[in-house]
Amino acid sequence: MRFTRLRRELADEMEAHLAERVDELMEAGMGAQEARQQARREFGNATLYAEISRQSWGWTRVERIGKDFRHALRTLRASPLFTVTAVLSLALGIGANTAIFTLLYASLWRPLPVQDPHAIFQLVRAAPGSQSWDEYSYSYPLFQQLSESASNVGEVFAKGGFDSQKFGVDSASNERVAGEAVSANFFSALRVEPLLGRVFEARDDSVLGGNHVAVLSRDFWMRRFQSSPAILGKTILYNETPYTVVGVAQPGFTGVDAEASIDVWVPLTSSVDKGWLTEPNVNWLRLLVRLRPGMVPAQAQAMFEGVFRAHLADKLLPGASPHWKPVLTSQRIALRPSSSGIATTGRKYEKPLLVLLGLVALVLLIACGNVANLILERNAARQREITLRLALGAGRGRIVSQLFTESLLLAVAGAACGVLLAAWGTRLLISFLPQASLPLAFDLRPGLVALGFTACTAVVTAMLFGLGPALRACIANADLSLRGGQRVTGTSLGGRLLVAGQLALSLLLLIGAGLFLSTLRNLKTTDLGFRPEDVLTFDLSFPKATPENRVRQTYVRIKERLESHAGVVVASYAWPSIYGHGGWSGGIKVEGHTAEPGEDNDVGMIAAGPGFFESIGLGLLRGRYLNLQDQSGKPPVAVVNESFARHYFGSSPAVGRRIKLAADGQPQREIVGVVRDARHYGVREKAWRMVYVPGWKVDGGFFVRAHLNARLLSDIIRAEVSAADKIAHIERIRPLEVDVNDMVSQERLAAALSSVFGALAVVLAAIGLCGVVAYGISRRTNEFGIRMALGAQRGDVQRLVLRQTIPLIVAGVAAGMVGAVTLAHVLDAVISGMLYGVKPADIAVFAGSTLLLAAVALLAALLPARRASRIDPMIALRYE
Amino acid sequence: MENKINRDLFPGALEMMILQTLRLGGPLHGYALAQHLKRTSEDLLQIEEGSLYPAMQRMLKAGWVAAEWGMSTRNRRVRIYKLTAAGRKQLASEVSSFERMMEGIARVMRPAES
């Protein structure tokens with residue numbers, strides 16, 4: 001703006017000067033035409049003076065950049081094919097990087113929108129080595145004890161798990177919201193202000209039985225209540241209990257879990273049975289702390305650890321079972337920085353995502369290689385223009401900056417398209433993650449950090465692919481290219497090195513993809529012990545006050561109704577889940593087996609309805625399955641699995657033996673059958689000793705095995721459930737395979753993405769190789785023409801081309817192999833945990849990837865070589 | 001490139017003369033300044049009128065002169081330059097160094113007379 005004004009003023013001023021002179025000369029009697037010429041002569045070169053004047057403003061640099069920019073835009077528009085190819089490959093590379101970075105940022109790094117988030121830490125109750133150590137690790141009494149003694153360290157606050165909760169305004173409905181229970185100091189410790197009304201205060205937790213008040217998130221308030229201020233004081237139904245809305249939280253705050261966007265908060269004390277508030281053995285809370293300014297985390301941790309030890313000795317250890325005691329004493333409290341919240345999902349996928357980020361960085365490098373090669377070719381074609389300009393006195397710096405501006409423009413265009421691709425890609429990534437009853441709700445809005453990442457990537461890529469060719473173009477021998485006639489033989493060393501590098505990187509990616517794919521295959525082909533194919537599963541919920549008997553009858557009616565359909569093989573129910581984390585376990589006494597001290601006599605248990613084993617396809621080894629008769633509990637029976645039978649009875653028959661379950665009202669149960677080992681707790685987990693007892697429990701899940709397609713069967717299920725009991729509500733109908741797949745979601749994510757990127761890398765490298773070979777041939781057209789005129793056969797020419805290309809391929813593949821072996825050793829610890837049934841340096845994967853890459857590379861070289869052999873000697877020679 | 005244009009003058013000479021002209025003649029616009037220089041030097045100096053403008057821009061930037069838009073006697077919109085306090089100081093220092101230089105040159109050229 002300022003620049004254009006200054007420029008216009010200067011032009012006006014000079015114009016006025018000339019006009020004054022013309023006037024004066026004409027007054028002296030000179031003719032108009034002559035006067036103008038005279039005035040101009042006396043003034044000198046106006047354009048030159050204007051330009052020199054402008055130099056003193058210090059704007060020339062900007063002006064020059066503008067000029068370079070416009071020039072680059074023109075040249076890029078002049079060769080659309082080149083531009084589109086370059087922008088697309090960059091967009092893919094940058095987009096993939098941005099997508100993965102965005103997900104990492106949203107799930108792991110985005111700071112909580114609160115004041116000074118770095119003072120916030122999570123209290124992790126960790127039994128080193130165990131798996132689910134951060135899940136609901138604190139009881140309410142322990143929270144209170146930690147909170148009271150921490151007053152000079154910081155503020156400890158607590159929350160239960162977030163979940164999908166029934167919600168209604170006037171009457172109960174099937175509406176669901178994301179809700180969680182939090183301690184009364186949750187908002188004040190986080191420094192979250194109310195937008196409307198108030199947030200929770202200390203008194204909300206001190207009322208006996210809890211104060212039934214609720215705080216809404218701003219988003220929910222806007223969405224559900226159209227931002228009506230009349231919401232304050234209104235009564236809502238949350239989890240079928242009336243609550244009074246007292247406030248709306250500050251904009252942007254949706255809880256401390258990155259993967260959830262909370263709609264409704266209620267106080268801890270109002271959300272559970274009173275018994276939970278005094279029971280030290282019910283662990284259902286997560287604790288966070290805002291440390292006081294200047295407080296060192298290590299010091300705070302030592303303090304918490306002391307309180308925890310005292311609590312253990314006081315409350316937990318005296319009543320603990322001998323099996324449980326060592327687990328308790330091995331637990332420690334650690335402080336984990338949580339400026340971005342709790343990030344459970346983010347931490348779970350951190351490793352695969354970081355490895356993938358590394359892989360897509362390689363893809364981007366390969367894409368850079370291609371673009372650099374394209375530019376090298378283009379610059380070679382423009383060598384005469386460049387040399388001419390150098391000869392005419394253009395500075396090398398000017399030409400480099402001009403060529404680099406082109407690259408920068410390409411990178412920026414690529415980044416812009418990449419950001420669009422990334423928006424779609426991030427959602428695709430999230431669709432790979434398992435969905436619970438509450439869908440994952442990461443905050444994916446593009447922020448400064450994500451855009452900054454993309455911008456940096458763009459600039460770095462531009463430097464990678466643009467600076468080299470630009471510098472090279474200027475160093476090229478000026479004489480040679482001016483002398484006309486492109487009698488250059490061979491391809492540029494730079495281009496060949498680039499292609500070899502691309503092949504090497506592609507091999508790394510292919511091997512990575514191969515490893516992850518084998519892992520996934522190994523996991524999927526591992527025998528689970530049951531057959532999840534052709535089974536749909538769903539959960540039911542009933543209004544709170546429904547009598548248990550009615551619910552039980554509904555279960556039986558649904559089973560009967562479903563089984564009356566042709567195509568439905570068997571329908572049954574069981575509790576708790578048959579596949580996934582957690583479950584039901586307890587101690588056991590086996591008749592005739594004397595427990596040794598320290599022996600683990602805990603077994604996994606499942607309460608199974610009639611037809612349960614048939615529905616999930618769990619094979620019978622000896623005895624019989626549970627039948628309808630057994631449901632009455634007279635006589636009490638049980639089915640055990642192979643591991644159980646082997647552990648307690650060895651080779652002697654298990655059927656007919658008696659066991660006593662600690663969690664059981666029944667005196668003793670007789671074992672009537674032995675079934676195969678099923679991995680109920682995940683593919684990677686060992687098969688536990690299991691006891692299946694006939695029975696029914698509220699919240700049991702249904703399993704329907706049928707020869708019908710999933711949609712048809714879902715419709716049948718919906719109709720039959722509603723016909724069996726109108727108040728029953730279906731939570732989620734899904735194939736049982738979805739549950740099984742969700743357990744390998746990390747591996748699925750790694751395998752799917754690494755194979756997509758591996759394929760992309762190979763295609764990019766093949767295009768690069770093809771281009772370099774074709775370019776080399778095009779520069780040697782007249783040489784080949786002469787050879788063929790002198791009697792060379794087509795095969796000879798092909799061999800000639802291949803003889804030059806094969807060393808390139810071999811070099812690339814060898815370099816890639818060395819790199820892969822080195823990486824496999826260096827990253828062994830990181831990668832091994834992500835693999836299953838395959839080693840980081842797996843020979844089959846290495847050999848397969850190498851063969852595949854070599855084959856594709858040969859093909860890519862063969863295509864242009866065949867074209868070369870069809871060169872017409874006459875046309876080729878006429879070139880001369 | 002600048003040196004080529006003012007090949008008859010030493011660097012800074014044009015600026016010095018412009019400053020002096022403004023000091024004696026008061027605020028002037030570009031054309032009047034050029035004519036004044038031409039007249040007083042009696043056309044002895046070969047200055048292209050256009051070369052005034054780069055010099056004016058440099059001095060504006062240095063703060064030796066200030067400019068504002070006004071009207072010429074022929075009623076044309078022109079930029080009128082006037083000397084600033086900094087310009088006055090600059091002129092004094094340039095004049096003194098110029099005089100020293102002239103004296104030096106003179107002594108070299110006419111050694112007998114000294």
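Three short exercises on a predicted model follow, each with a worked solution.

**Exercise 1.** Find which residues touch the most other members of the largest nonpolar core, and which helix gives the most to this core.

*Solution.*
- Start with the core itself. It has 104 residues.
- Ile578(A), Phe612(A) and Tyr692(A) touch the most other members.
- Now turn to the helix. Helix H24 of chain A, residues 745-779, gives the most, with 15 residues.
- Look beyond this core. Another core of 48 residues lies apart from it, and its members include Tyr140(A) and Phe304(A).
- Return to Phe612(A). Leaving aside neighbours within four places in sequence, its contacts include Ile578(A), Tyr692(A) and Phe703(A).

**Exercise 2.** Decide whether Ala608(A) is buried or exposed, then place it among its surroundings.

*Solution.*
- Locate the residue. Ala608(A) sits in strand E15 of chain A, which spans residues 602-608.
- Apply the cut-off. Buried means under 20% relative accessible area.
- Ala608(A) has 0% relative accessibility, so it counts as buried.
- List contacts, leaving aside neighbours within four places in sequence. Among them are Tyr573(A), Leu626(A), Val693(A) and Gly695(A).
- Check one distance. Ala638(A) is 30 residues from Ala608(A) in sequence, and their C-alpha atoms are 9.8 Å apart.

**Exercise 3.** Work out which helix gives the most to the nonpolar surface patch that contains Ile475(A), and classify Ile475(A).

*Solution.*
- The patch covers about 590 Å², and Leu408(A), Val412(A) and Met463(A) are among its residues.
- Helices H15 (396-431) and H16 (448-475) of chain A each give two or more residues.
- H16(A) gives the most, with five.
- Ile475(A) lies in helix H16 of chain A.
- Exposed means over 50%. Ile475(A) has a relative accessible area of 65%, so it is exposed.

Notes: Residues numbered from 1 in each chain as written. Chains lettered and ligands numbered in written order. Predicted model: local features only at pLDDT ≥ 70, side-chain atom pairs only at ≥ 80, totals over all residues. Heavy atoms only, no water. Core = buried A, V, L, I, M, F, W, Y, C linked by side-chain atoms within 4.5 Å. Buried < 20%, exposed > 50% of the residue type's maximum accessible area, 1.4 Å probe, protein only. Helix = DSSP H or I, 4+ residues; strand = E, 2+ residues; numbered from the N terminus. Contact = heavy atoms within 4.5 Å. Patch = residues over 30% accessible without salt bridge, like charges linked within 9 Å, V, L, I, M, F, W, Y side chains within 5 Å. Areas by Shrake-Rupley, 256 points an atom, 1.4 Å probe, with all protein chains shown as cover. Salt bridge = Lys/Arg side-chain N within 4 Å of Asp/Glu carboxyl O.
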